[in-house]
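User: Could you take a close look at one part of this protein for me? I'd like to see how the strands of a sheet fit together and what sits against them.

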Amino acid sequence: MKKLLLTAAFLTVLPMLCPLLAFPGQALLAEKQTARSAPTAPEDRTVVEAPLYTRQVPSKEKSYDESVTVRLYTGGTIRELSLRNYLIGVVAAEMPASFPEEALKAQAIAARTYTLYKLRLYEDPSQAESHHGAQLCDDPAHCAAFTDLAVTAASLWGESKETYSERVSNAVCETDGMLLAYDNAPIAAVFCAASGKMTESAKDVWGADIPYLVPVDSPGGEDCAKYYGEKRITRSDFCAAFLKEYPSAVFSENDDEWFRSVHRTESGSIRTITVGGVEITGTALRSLLGLNSANFTLRREGDELVFSTEGYGHGVGMSQYGARCLALSGQSCDEILSHYYPGTVLQKKNPDA
Ligand SMILES: [Zn+2]
């Protein structure tokens, strides 16, 4: 039914493409971080590793993930923990543990890759972030979400805590040391909950031209409960919120004139839109209004503006519900990853590498 509502939008879609400047690869991260500041806390102190989840899969080979220590800012403190325990906490926080095994493994590899990408990025002092002295934080909008299963497994999964903890742990342990590389370096393996029917390019969303973050078909997003979303806001509240951020905007009595020059990406999201005479990106408007995605249409109902969204998240890189769908259709984790990050190579690091 919601699809019918989408057709009632009064936005005029002009599929015009604006050439954007290409950015070097690392600009992706810098771009993402401009809208956020590093987390703050009243005090910094380092807590030495406490076991998160100790029932790990026995391995005949030496573990790369166990050989790497990361410093994570979480819960107001800095924890030092093995990459393995960190990734178990990330996969548990980022993807439903009920997802198919191959989707969980794809998530583990994507999370490991993104972690190594960030650690490498911050070797450059000019790119380093404080994180209060840590390398990573648990803000999903900044690094990745993280949960300490030793504390949270029961509340997350109830009686299934052992089963699900083991599923997550297995996904990490069975992919030990595996990462996605481009030009022999870990990629910015960003992911989102559910893209639209196609993923978005990093260029369209963040202005960074990344060869492996380009639009690909993405099935199964509709299985996400938040795939179709709706945000209602009164006209006056919208104007107030917009003017607070963009004071030069002008809103006439005729609200048909408020929204102009809508340019969409190849995948359907708003690339740019002119609101009250001010051109902004769809991502910026999404952030301002707290929309589920930048793939939206708009209609008017009485005094309200109704934004109808499709997809959940920024839409770039691996769609988690897409990974679930591909896994259910029989694809392996490496097939899922090569689909969502085209042109990348799956590598395996050894402990001594
Ligand atoms: Zn962070």
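Analyst: Let's start with a term: two strands count as paired if DSSP finds at least two bridges between them. Keep in mind that this is a predicted model.

Now for the sheet. Three strands make up an open sheet, and reading across it you get β9-β10-β11, with antiparallel pairing. At the edges you'll find β9, residues 259-264, and β11, residues 278-281, and each of these pairs on one side only. Going from one strand to the next, the twist averages 15 degrees.

Zoom in on β9 and its partner β10, which covers residues 270-275: four bridges link the two in the antiparallel sense. To spot this on screen, find phenylalanine 259, then look for its bridge partner in β10, valine 275.

The sheet has a helix against it, too. Helix α10, residues 282-289, packs on the sheet and touches both β10 and β11. The direction of α10 makes about 70 degrees with that of β10.

If you want something to hold this up against, try another open sheet of three strands, ordered β6-β5-β15 and antiparallel in its pairing. Here β6 (185-186) and β15 (345-348) are at the edges with a single partner strand each, so one side of each has no neighbour in the sheet. Strand β5, residues 178-182, pairs with β15 over four bridges in the antiparallel sense, and methionine 178 stands opposite lysine 348 in β15. A helix turns up here as well: α5, residues 101-121, lies across β5 and β6 and runs at about 60 degrees to β5.

How values were computed
Residues are numbered from 1 along each chain as its sequence is written. This is a predicted model: local features need pLDDT of at least 70, side-chain atom pairs count only at pLDDT 80 or more; totals for chains, interfaces and linings use all residues. Axes are lines fitted to C-alpha atoms, for helices over the stretch in contact, and angles run from 0 to 180 degrees between N-to-C directions. Two residues are in contact if their C-beta atoms, placed from the backbone, lie within 7 Å.
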